[in-house]
Amino acid sequence: MRRLSGGAAAKHYRCPGCEQMIPPGLPHVVAWPRYGDVDDRRHWHAPCWAARDRRSPRTRRSRDAPRY
Ligand SMILES: [Zn+2]
């Protein structure tokens with residue numbers, strides 16, 4: 001993942017960490033997969049990015065779930 005701070009954005013972006021909008025002009029983190037498309041980038045609040053490991057729903061374990 002790549003990251004940078006964007007303070008010159010002119011659009012609203014939805015932060016995937018908290019599902020809230022990031023207003024224009026607010027410094028935030030832009031991240032996208034290293035081998036992915038730039039169009040797949042995500043815009044995060046800096047605190048949400050820092051806490052993404054705790055907040056991401058993809059990290060939940062399903063080991064205890066029955067598979068049949
Ligand atoms: Zn957020």
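Biologist: Let me start with one residue: does His43 count as buried or exposed, and why?

Modeller: Happy to help! This is a predicted model, and the idea is to count neighbours: 20 or more other C-beta atoms within 10 Å make a residue buried. His43 has 22 C-beta neighbours inside 10 Å, so His43 counts as buried.

Biologist: Where is His43 found?

Modeller: His43 belongs to strand S5, which covers residues 42-44.

Biologist: Which residues does His43 touch, not counting those up to four places away in sequence?

Modeller: Leaving out those close positions, the partners of His43 are Tyr13, Cys15, Ile22, His28 and Val30. Take Ile22 as an example: 21 residues separate Ile22 from His43 in sequence, and their C-alpha atoms are 8.0 Å apart in space.

Biologist: His28 is on that list of partners. Is His28 buried or exposed?

Modeller: His28 is buried, because 23 other C-beta atoms lie within 10 Å. His28 sits in strand S4, residues 28-32. You can also look from His28 to Pro47: they are 19 residues apart in sequence, and 8.9 Å apart from C-alpha to C-alpha.

Biologist: Stepping back, how many residues are in the chain, and what percentage of them is buried?

Modeller: The chain has 68 residues, and 12% of them are buried. His43 and His28 are among the buried ones.

Biologist: In what order do the elements of the chain run?

Modeller: Reading from the N terminus, the order is β-β-β-β-β-α-α. That comes to five strands and two helices.

Biologist: What share of the contacts between residues at least 6 apart join residues at least 24 apart?

Modeller: In this chain, the share is 41%.

Biologist: Now a backbone feature. What is the phi of Glu19?

Modeller: The general idea comes first: most residues other than glycine have a negative phi. Glu19 is not a glycine, yet its phi is positive, about 65°. You will find Glu19 in the loop between strand S2 (13-14) and S3. Glu19 is exposed, because it has 8 other C-beta atoms within 10 Å, and the cut-off for exposed is 12 or fewer.

Biologist: Which elements have the lowest and the highest mean pLDDT?

Modeller: Here pLDDT tells you the predictor's confidence in each residue. Strand S1 (residues 2-6) has the lowest mean among the elements, 57, and strand S3 (residues 21-22) has the highest, 92. For the chain, the mean pLDDT is 75, with 60% of its residues at 70 or more.

Definitions and conventions:
Residues numbered from 1 in each chain as written. Predicted model: local features only at pLDDT ≥ 70, side-chain atom pairs only at ≥ 80, totals over all residues. Helix = DSSP H or I, 4+ residues; strand = E, 2+ residues; numbered from the N terminus. Contact = placed C-beta atoms within 7 Å. pLDDT = per-residue confidence, 0-100.
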